[in-house]
Amino acid sequence: MTSFCWTQSWCVNLKHNRAAAFLHLVKLNKALADADTTIALDPNWEKGYFRKGCILEAMERYDDALATFETALKYNPQSSEVTKKVKRLSQLAKDKKRAQEVENLRSNVDMSKYLESLKSELSEKYEGEKGREIFSFLVETMETAVRSWHQTSKVDARVYFFLDKERTETEKYAPVVNIDKAFESPHTHSSCFSFLRQYAEDSFSKAACLVAPKSIISYPQVWKGQGIRKWRHGQNDGFFVQLESPVLRILWFIPTSNEKGQALCRDPEVLDITAHEVLPRLFKQT
């Protein structure tokens with residue numbers, strides 16, 4: 001600032017100090033105007049950029065604040081005060097970006113993208129529309145469960161049945177059966193399985209889909225096996241989805257976590273159903 005005349009130097013300091021006063025009074029637009037004037041009068045003075053960065057931070061314009069602090073750092077690379085601001089806002093920007101990503105994942109649930117190979121397999125095994133109908137039934141069931149977890153951090157233990165529109169007595173057979181007591185003991189598990197198998201047959205169901213949270217399963221704890229049954233998916237909480245049909249059985253585990261204060265479902269992981277089945281086969285194999 002030695003190249004400035006005394007009057008201009010005084011004006012720079014006046015605007016700089018007044019910007020600080022306005023910031024303290026939370027008159028942020030006035031503070032920002034004075035900070036911009038300070039920089040215009042002396043564009044090589046790092047403190048002008050630092051003051052503007054602090055004002056932009058108070059305005060929650062974090063990307064602009066970070067860029068301004070980075071400019072300040074160019075003029076004074078040794079400033080620990082500016083360095084701390086850059087580090088803090090860089091982390092804040094990362095956190096904000098990740099929070100937005102998490103919200104997008106929670107809001108835009110699309111399970112079909114994980115099931116493309118299954119879609120082709122079902123088309124090969126079933127003639128006409130049936131394969132596509134079962135695929136849509138599975139996707140809808142999985143997405144309903146994922147949305148429930150995102151909203152409430154839980155899913156109910158249920159079996160969803162894909163009923164035959166022409167043959168099922170809909171007054172007698174509902175498309176959803178609650179099974180929250182099924183996993184309390186070997187006895188309740190066996191009784192529930194027998195009931196569900198008969199239900200699938202009597203209702204002329206084309207397929208069924210089990211949804212069960214890991215946290216309620218006392219039996220069978222399929223994640224505690226050894227050898228071929230060894231669990232390879234960590235200690236995550238989450239829920240199981242098991243598709244049952246006469247020609248195809250597939251089991252997934254959907255891990256869950258809490259990120260940025262929000263419940264989040266991770267990508268579904270296919271399990272070996274012969275080693276980890278949550279329920280035995282419901283349909284007679286064809």
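**Close-up 1. Cys265 and Cys209, two cysteines without a disulfide.** In this predicted model, Cys265 sits at 13% relative accessibility, so it counts as buried, the cut-off being under 20%. Cys209 is buried too, because its relative accessibility is 0%. Look through the whole structure for disulfides and you end up with zero. For Cys209, the nearest cysteine sulfur belongs to Cys265 and is 14 Å away, and Cys209 is in no disulfide. Turn it around and start from Cys265: its nearest cysteine sulfur is that of Cys209, again 14 Å away, and Cys265 is in no disulfide either. A disulfide would need the two sulfur atoms within 2.5 Å.

**Close-up 2. Where helix H6 meets helix H7.** A pair of packed helices is described by the angle between their axes and the distance between those axes. Here the players are H6, residues 116-125, and H7, residues 130-152. Their axes come within 8 Å, with a crossing angle of roughly 145 degrees. The crossing is right-handed. On the H6 side, look for Leu118, Lys119 and Leu122; they meet Gly131, Ile134, Phe135 and Leu138 of H7. Sorted by class, this contact has five nonpolar residues, one polar and one charged. Lys119 is the charged one, and Gly131 counts as polar.

**Close-up 3. The cis peptide bond at Pro220.** Zoom in on Tyr219 and Pro220 and you'll find them joined by a cis peptide bond. Omega for this bond is about -5 degrees. As for the surroundings, Pro220 lies in the loop that runs between strand S3 (207-213) and strand S4 (237-244).

**Close-up 4. Glu60, a positive phi in a loop.** Glu60 isn't a glycine, yet its phi is positive, at about 65 degrees. You'll find Glu60 in the loop between helix H3 (46-58) and helix H4 (62-75). Is Glu60 buried or exposed? Its relative accessibility is 54%, and anything over 50% qualifies, so Glu60 counts as exposed.

**Close-up 5. Ser153, another positive phi away from glycine.** Ser153 has a positive phi of about 65 degrees, and this residue is not a glycine. Its place is the loop between H7 and strand S1 (158-162). So H7, the helix that meets H6 in the second close-up, is on one side of the Ser153 loop, because that loop runs between H7 and S1. Ser153 counts as partly exposed because its relative accessibility is 41%, which falls between the 20% and 50% cut-offs.

Definitions and conventions. Residues numbered from 1 in each chain as written. Predicted model: local features only at pLDDT ≥ 70, side-chain atom pairs only at ≥ 80, totals over all residues. Heavy atoms only, no water. Axes fitted to C-alpha atoms, helices over the stretch in contact; angles between N-to-C directions. Helix = DSSP H or I, 4+ residues; strand = E, 2+ residues; numbered from the N terminus. Left-handed = near helix turned anticlockwise from the far one by under 90°. Contact = heavy atoms within 4.5 Å. Buried < 20%, exposed > 50% of the residue type's maximum accessible area, 1.4 Å probe, protein only.
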